[in-house]
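Work through the exercises below with the model in view. Try each task before reading its solution.

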Amino acid sequence: MSQSLGTSNGNNPRADGFTALEYARKPDHIPQTGQDEAEKYILALNTDIVHHKTVTALRHKYFPANINKLSAHVALFRALPGSQLATIQSAIEHLVHHYKPFPISTGDPFLMAGGVGLEVHVEPAKHIYRTLKEEWNGFLSKQDQSFKAHYTIQNKVEISIAQKSFDEVRSGPHRFEGSTGTVTGLSLYLYDRGYWRLKQTYLFEPRDGNVQKPVEEKNDSEAWPSLGASKSPKP
């Protein structure tokens, strides 16, 4: 079944003119290959289903529905060039054999320029990022030159709305109590006009011969897709 980390709430662009195409054209999001890349890929953490659904529910609660094309995700790289796909996949395949599933947990919420983020504690992911960055540094976009593990819970809203959401998530009567889980591998997605279409999931070596399967997203334009676990097609 085709998988993607996306969700669909209609195809209408925002009233202020923001579109997925505009996002893709930002200079900081362009791979440094010296050519126009027809395809770009995202590499994200793949987590267990329970953790994934818990954080995705929080995102769906606060993210503007008309532009929310993804479920919750922690992206390591957001603009990997299609021209280097063979090199990229080879490096990932080699790397996952050296890792076993490891823990992930959410931390404190923080205010972003137009929304709310959620800190993520996942130390091994930093080492994975540094290892792959060293191999891919020659073609990475400016955005992919750094990595901070986090979930984007809300984005593209007025400061006053972001502040209200932040207060609710941090200390309101319905505050988010946090979530812990397991990173089971890495997932590579094709960027498709704001959606992330799953290309391949690479699972780590299981502990004790058992590892939980990734969350499966339905390949359905009306489903809430996922990015790092498994159902159909923002950062």
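**Exercise 1: The strand β6**

In β7, leucine 186 has tyrosine 202 as its bridge partner. This is a predicted model: local features need pLDDT of at least 70, side-chain atom pairs count only at pLDDT 80 or more, and totals for chains, interfaces and linings use all residues. Residues are numbered from 1 along each chain as its sequence is written, and side-chain values use heavy atoms, with hydrogens and water left out.

Task: Find which strands pair with β6, and over how many bridges.

Solution.
- Start with the terms. Strands are DSSP runs (E, at least two residues) and helices are DSSP runs (H or I, at least four), numbered from the N terminus. Two strands pair if DSSP finds at least two bridges between them.
- Take β7 (residues 195–203). It pairs with β6 in the antiparallel sense over eight bridges.
- Look at the hairpin of β6 and β7. Two residues lie between the strands, and arginine 193 takes a positive phi near 50°.
- Move to β1 (residues 40–47). Seven bridges join β1 to β6, again antiparallel. Leucine 43 has leucine 188 in β6 as its bridge partner.
- Add β3. It pairs with β6 over four bridges, in the antiparallel sense. Here serine 105 stands opposite threonine 180 of β6.
- Check burial (buried: under 20% relative accessible area; exposed: over 50%; partly exposed: in between; 1.4 Å probe, protein chains only). In β6 (residues 180–192), 10 of the 13 residues are buried, so the strand is largely enclosed by the rest of the structure.

**Exercise 2: The helix α5**

Task: Compare the span of α5 with its expected value, then find its buried side.

Solution.
- Compute the expected span: 1.5 Å times one less than the number of residues. For the 13 residues of α5 (residues 159–171) this gives 18 Å, and the end C-alpha atoms are 18 Å apart, which agrees.
- List the buried residues of α5: Ala162, Ser165, Phe166 and Val169. They cover an arc of only 105° around the axis, which puts them on the same side of α5. The arc is that of the directions from the helix axis to the C-beta atoms.
- Recall the geometry. An α-helix has 3.6 residues a turn, so residues three or four places apart point the same way.
- Turn to the face away from the buried side. It carries the exposed residues Ser160 and Lys164.
- Name the partners. The buried residues of α5 pack against α2 (49–62), β3 (102–112), β4 (115–121) and β5 (150–154), where contact means heavy atoms within 4.5 Å.

**Exercise 3: The helix α3**

Task: Which residues of α3 are buried, and what covers them?

Solution.
- Begin with the span. Helix α3 (residues 85–96) has 12 residues and reaches 17 Å from its first C-alpha to its last, close to the 16 Å expected.
- The buried residues are Leu85, Ile88, Gln89, Ala91, Ile92, Leu95 and Val96. They cover an arc of only 160° around the axis, which puts them on the same side of α3.
- The face turned away from the buried side carries exposed Ala86 and His94.
- The cover of the buried residues includes β1, β2 (75–81), α4 (123–136), β6 and β7.

**Exercise 4: Histidine 150**

Task: Which residues are in contact with histidine 150, leaving aside its neighbours within four places in sequence?

Solution.
- Locate histidine 150 in strand β5.
- Its contacts beyond those neighbours are His73, Val74, Phe110, Leu118 and Val120.
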